[in-house]
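Here are a few exercises on pockets and a ligand. Have the structure open beside you and try each task before you read its solution.

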Amino acid sequence: MKSIFLYLSTSDRFKKFLTRFQSFNNVTHRFVAGEALADAVEAIRHLNGQGISASFDHLGESITSEIETRTEVNEYLRVLDSIDESGLNSNVSVKLTQLGLDVSQDLCYANTRKIVEAALRYNNFVRIDMEDSTKIDPTLEVFKRLRAEFENVGIVIQAYLYRSEKDVEELLGLGARIRLCKGAYKEPPLVAFPKKADVDANYIKLTKLLLTSDAYHGIATHDENMIAATIQFAKKRTIPTDKFEFQMLYGIRRDLQEKLVREGYRMRVYVPYGRYWYPYFMRRLAERPANMWFVLRNMLRG
Ligand SMILES: Cc1cc2nc3c(=O)[nH]c(=O)nc-3n(C[C@H](O)[C@H](O)[C@H](O)COP(=O)(O)OP(=O)(O)OC[C@H]3O[C@@H](n4cnc5c(N)ncnc54)[C@H](O)[C@@H]3O)c2cc1C
């Protein structure tokens, strides 16, 4: 089931078919704040009111036109302005294929640098999301070039990949701030652990490496077992709760987000908005087949 959804997340034909149904477009609001920046601002204001910080994500990926990558840069500059103007507690997350990685690495570097530089002026932070395994090396190269100049830029590591432990060790050596997630793409057994138990074991192993390093990291998961293991390890090593943060996705496990905040942990929610929600939305369906029943129920009602 998961593989089918991940395959469909890259299919333009299936997207055209589904988006013909208005009721399908309506249910995307479960995971996407809306199409306009103002929708994301509103969602983040609400989260901030609950003691939860956020990360804006302007949805977009696999952009191959140089002009369109510039539009993305401008949108992120607008987001940073608006965080500053509205006093929101939020940083931004970007995908490098949104900023020209598939066009040229230099273009991507220059585009991302503009965003990181603007964020620095506002004392804000830019997280570079990680995409499928074919993009990891170029993404890390762009990240390392930026990290050599800026401290307000971080990266994502996916625990489902065999290579991640080595990447984490190298990145910690650079003082990098890492968001650890399990990984959301369809990857072959050649590069990624096929079994959930192995992904989970690697997640816990990498979490321990992160928590015992000097930098501030994000533990991004909705998995109660991963969260419990993180809390247990932090308590055992007397790592203060302000030395790391938990991160979750907009609309997923709100109950757990609020519970962790009540218990004194830091929580950041990733808030996607924009018109290009389809691949993001399909990856969320892939993660939990029960979400598909939610969608179908709403489509039938619509
Ligand atoms: C802040 C944040 C940023 C991320 N950035 C990236 C990135 O840059 N690159 C990348 O590859 N992946 C990214 N991801 C996605 C991540 O890799 C996983 O695909 C996703 O978080 C599901 O894994 P999990 O750790 O929640 O554990 P899972 O084992 O998948 O799920 C554990 C439990 O969480 C709940 N849950 C998980 N997903 C859903 C869902 N979609 N709907 C409802 N309930 C759900 C269910 O209760 C499930 O049983 C990010 C995730 C987060 C939270």
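**Exercise 1: The second largest pocket**

In the second largest pocket, helix 12 supplies 3 residues of the lining, the largest share. Keep in mind that this is a predicted model.

Task: Work out which other helices supply at least two residues of the lining of this pocket, and which residues lie closest to its centre.

Solution:
- Step 1. Start with the space itself: the second largest pocket holds about 630 Å³.
- Step 2. Count the lining, which comes to 23 residues, with Ser9, Thr10, Glu61, Ser62 and Pro279 closest to the centre.
- Step 3. Look for the helices. Besides helix 12, helix 1 and helix 2 (12–18) each give at least two residues to the lining.
- Step 4. Sort the lining by class, and you get 9 nonpolar, 5 polar and 9 charged residues.

**Exercise 2: The largest pocket**

Task: Describe the largest pocket by its volume, its lining and the classes of its residues.

Solution:
- Step 1. The volume of the largest pocket is about 1300 Å³.
- Step 2. Its lining is made up of 45 residues, and those nearest the centre are Lys2, Lys182, Gly183, Ala184 and Glu287.
- Step 3. Now for the elements: two or more lining residues come from each of helix 1 (2–8), strand 4 (153–158), strand 5 (177–181), helix 9 (196–211), strand 7 (244–249) and helix 12 (278–287).
- Step 4. By class, the lining splits into 21 nonpolar, 7 polar and 17 charged residues.

**Exercise 3: The ligand**

Task: Find the pocket in which the ligand sits, then list the side chains that put a polar atom 2.9 Å, 3.1 Å and 2.5 Å from a ligand atom.

Solution:
- Step 1. Place the ligand: you'll find it in the largest pocket.
- Step 2. Look at what's around it. The ligand is surrounded by 24 residues, and Lys182, Gly183, Thr221, His222 and Glu287 are the closest.
- Step 3. Pick out the polar atoms. Gln158 has a polar side-chain atom 2.9 Å from a ligand oxygen, and Glu287 has one 2.5 Å from a ligand oxygen. For Arg179, the polar side-chain atom lies 3.1 Å from a ligand nitrogen.
- Step 4. Check how covered the ligand is: on its own it exposes 930 Å², and the protein buries 87% of that.
- Step 5. Finish with the shell around the ligand. Strand 4, strand 5, strand 7 and helix 12 each give two or more residues, and strand 7 gives the most, with 3 residues. By class, the shell has 10 nonpolar, 6 polar and 8 charged residues.

Terms used:
Residues numbered from 1 in each chain as written. Predicted model: local features only at pLDDT ≥ 70, side-chain atom pairs only at ≥ 80, totals over all residues. Heavy atoms only, no water. 1 Å grid on protein atoms, 1.4 Å probe; cavity = no way out; pocket = protein on both sides within 12 Å on 5 of 7 lines; lining within 4 Å. Points joined across faces, edges and corners; volume = space filled by probe spheres on them. Helix = DSSP H or I, 4+ residues; strand = E, 2+ residues; numbered from the N terminus. Nonpolar A, V, L, I, M, F, W, Y, C, P; charged D, E, K, R; others polar. Near = heavy atom within 4 Å. Polar contact = N/O pair within 3.5 Å; in protein donor to acceptor, adjacent residues only side chain to side chain. Areas by Shrake-Rupley, 256 points an atom, 1.4 Å probe, with all protein chains shown as cover. Sits in = over half its atoms within 2 Å of the grid points.
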